[in-house]
Amino acid sequence: LSTVEKIKKPKKRSTTIFGYPLSIFFIVVNEFCERFSYYGMRAVLVLYFKYFLKWDEDFATTIYHTFVALCYLTPILGAIVADSWLGKFKTIVYLSIVYAVGQVVMAVSAIQDITDANKDGTPDNMTLHVALSMVGLLLIALGTGGIKPCVAAFGGDQFEDHQEKQRSTFFSIFYLSINAGSLISTLITPILRAQTCGIHIQQECYPLAFGVPAALMVVALIVFIVGSPMYIRNPPQGNIIVKVCKCIGFAVKNRFRHRSSQYPKREHWMDWAEEKYDKLLIAQVKMALKVLFLYIPLPMFWALFDQQGSRWTFQATTMNGNFATSLSSHQTVNPILILILVPIMDTLIYPLISKCFNFTPLRRITVGMFLAALAFVAAALLQIQIDKTLPDFPSSTEGQVKFINMVNRDLQIQADNQTISLKAFGANEDYLTFNNQFTLVLEPGQQYNVKLDNGTRNTMAIIQGSKLGFEKFDDMTSKPEKGENALRQVISVFHMESKTDFSFICKFYMVILYYTVLTGGFSLYGRAEFMIKDDRGSSCIYTQELGFGSSYTLIIPSTFTFGEMNIKAVMDMEPNTVHMAWQIIQYFLMTSGEVVFSVTGLEFSYSQAPSNMKSVLQAGWLLTVAVGNIIVLIVAEAATLKDQWAEYILFASLLVLVCIIFAIMAYFYTYTDPTKIEAQFGEMEPEEKEKRKSFDMPRKGSAESHKEDRRSSDSSSDDECTKQTKI
């Protein structure tokens, strides 16, 4: 069949339920399982790199983001295969098999027992596990990226021309299924990882954390195949990418050859391809280029959106996180809000706005970008409040010091021109800042010149020997991460006659993080209970209440007795005081922007795409995500801003600028009905196509015809706008 005949060929009628094709329910369930599989695996991927493969954080982060970038670059390959060779159905099936195999390989790579010959719980051949992991991730990236542009477009193919309202609602349901899978997997997979498993040594169960997503991918494949008898399958219409590139190339070369003023101008630069290519293909290329041109500003939205998983997560680690016990639960805020906001937008917000003015898809996209910019303004305002609560750390030319009195009497010391009063076994409240060195006077006649390393914090413990002296210790120069707390102990046993061995046995009421005892201290959050005992069996229990992100020095004085609880806690850094719940504001704004922006973008890409390029435009939409991540790296590296809030404002300003540019572009965009335009060209007489062989074509009639098409397009645009579903 010719291209025209394929376009005119009616779709077969599909079984419907409540006005919707039955086939779309299989597609929605397939998408839910696939997104569960992808986001579930990704939720624990970095932890797998660091704790199983023993990679450092920098390398693990690099590989992680490389994998994510591949997932958003491979849609181009999937679109080419679907539109020019296999068709959407076969592309989804074949690449889903590749996808499922990749997930199974990842699960196998996490089984430490397959190379644990000495049964010590550590893989003996780590190279094998790394190789399996990389093969698995490559297959997953190829699979998830390859089917990504095909599934949404294939779902849109199931609707007939008179079902535009149902098709628009389908895209909302489709997006809900994506976020439902993301939400559930993000909650469940970290719990699965926390389980213990292993033949020889019980360890964190990465095989289970990867195995469940692998099982869901197999389920997704089975569900999709079961619905195959009901699908409407549009056949691929040739190698459209090559045709488009050749058509554009010929138009550019032909226009360059006829750049002289003696040749009459043509209404559109693509019209210079009429000598070689039929008008239908040229019209389709024009429609595709119009949409792709609008995609140019869109990556800036994703540049802000994807920082939820980086900058905003880092921001959360400096806040009071009592409302969430882990960062994995923090990641569920976005999908929860999407599940709430999509129905609200669909049933309440859009109908109300439509009563005031025509809220077209491009206007929605513009509003979505503006909401994302507002989200970053909110993040900047919150960061300013957080900065006010953070310690004032020394600059690169300064040093800071705090004094602890380990003597059983009050002291008054002098550091340069500052006099400090110290209670017995007490400390001064704040760190003192000096430029490189200062003069310390402990008692009359006892003067020391103390030198501090630049950019360091120090604690000086004043001790009693034949005379007063001091010991200097290095302190932390950054807040404990992830809401953890840093503790250390200073034990004074100088006046104890017996050899007493103090040991700490710790019970934790919340999760233990980076547990180390001895000189480095340890980090945890919640409440810690210490049992102190000596070699004679005497013991006592000391409880220390902990916030999020604090640092304490516990002083065990020389006067310590087991009958009295005279341990003193010196707060080196205050707990985080700005509650993490304040981030809900920026998450709400960003998620509102995502709902308006992304759902509408999927629908707009499909409705404005020619019949043989829908998957290509879907892939182009997803490609904007990859470009957005590249923008983050470029802007963050080029800006080198000292304050994080300033970087937030920079990104917000850039998005507002892009938003204005996009609004101007959208104002001049004319909505088209690809089906009508293709049908018009399908009715052309065969002899009219022969005109493309002549280089001297009269342009007046063509221009008048184009004006009539434009007026027709404008009138159909108004009809199209009224048909757009309020997502």
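The legends below accompany close-up views of a predicted model.

**View 1. The disulfide between Cys197 and Cys205 in the predicted model.** The structure holds 1 disulfide, and in this view the sulfur atoms of Cys197 and Cys205 lie 2.2 Å from each other. The link of these two cysteines is right-handed, with 105 degrees about the S-S bond. Cys197 is buried, as is Cys205. A further cysteine, Cys71, is also described here: because its relative accessible area is 1%, and buried means under 20%, Cys71 counts as buried.

**View 2. The salt bridge of Lys88 with Asp157.** The structure has 7 salt bridges by the rule applied here, and one of them pairs Lys88 with Asp157, whose closest N and O atoms are 3.0 Å apart. This pair links distant parts of the chain, since Lys88 belongs to helix α5 (residues 75–109) and Asp157 to helix α6 (residues 126–157), with the two positions 69 residues apart in sequence. Both partners can be placed by their accessibility: Lys88 counts as buried at 8% relative accessibility, and Asp157 is buried with a relative accessible area of 2%.

**View 3. The salt bridge of Asp572 with Lys402.** In this view the closest N and O atoms of Asp572 and Lys402 are 3.6 Å apart, and the two residues form a salt bridge. Asp572 is found in strand β20 (residues 568–573) and Lys402 in strand β5 (residues 399–405), so the salt bridge ties together parts of the chain that are 170 residues apart in sequence. Asp572 has a relative accessible area of 11% and is therefore buried, while Lys402, with a relative accessible area of 1%, is buried as well.

**View 4. The salt bridge of Glu443 with Arg409.** Here a salt bridge is formed between Glu443 and Arg409, the closest N and O atoms being 3.2 Å apart. Glu443 lies in strand β9 (residues 437–443), whereas Arg409 lies in the loop between β5 and β6 (411–415), so the pair ties together parts that are 34 residues apart in sequence. Glu443 counts as partly exposed at 26% relative accessibility, and Arg409 is likewise partly exposed, with a relative accessible area of 34%.

**View 5. A network of salt bridges made by Glu31, Glu34 and Arg35.** In this close-up the residues to follow are Glu31, Glu34 and Arg35, which are linked to one another in a network of salt bridges.

**View 6. A positive surface patch that includes Lys253.** The patch is formed by Lys246, Lys253, Arg257 and Lys276, and its charge is positive. One of these residues, Lys253, can be located in helix α9, which covers residues 240–257.

**View 7. Pro557 in the loop between β19 and β20.** Pro557 has its place in the loop that follows strand β19 (551–556) and precedes β20. With a relative accessible area of 3%, Pro557 is buried. Computed along the sequence, Pro557 and Lys568 are 11 residues apart, and the C-alpha to C-alpha separation of this pair in space is 8.2 Å.

How values were computed. Residues are numbered from 1 along each chain as its sequence is written. This is a predicted model: local features need pLDDT of at least 70, side-chain atom pairs count only at pLDDT 80 or more; totals for chains, interfaces and linings use all residues. Side-chain values use heavy atoms; hydrogens and water are left out. A disulfide is a pair of cysteine sulfur atoms within 2.5 Å. Buried means under 20% relative accessible area, exposed over 50%, partly exposed in between (1.4 Å probe, protein chains only). Patches are made of residues with over 30% relative accessible area and no salt bridge: like charges are joined within 9 Å, nonpolar side chains (Val, Leu, Ile, Met, Phe, Trp, Tyr) within 5 Å. Accessible areas come from the Shrake-Rupley method with a 1.4 Å probe; for residues, only the protein chains shown count as cover. A salt bridge is a side-chain nitrogen of Lys or Arg within 4 Å of a carboxyl oxygen of Asp or Glu. Lys and Arg count as positive and Asp and Glu as negative; His and the chain ends are not counted. The place of a charge is taken as NZ of Lys, CZ of Arg, CG of Asp or CD of Glu. Helices (H or I, at least four residues) and strands (E, at least two) are DSSP runs, numbered from the N terminus.
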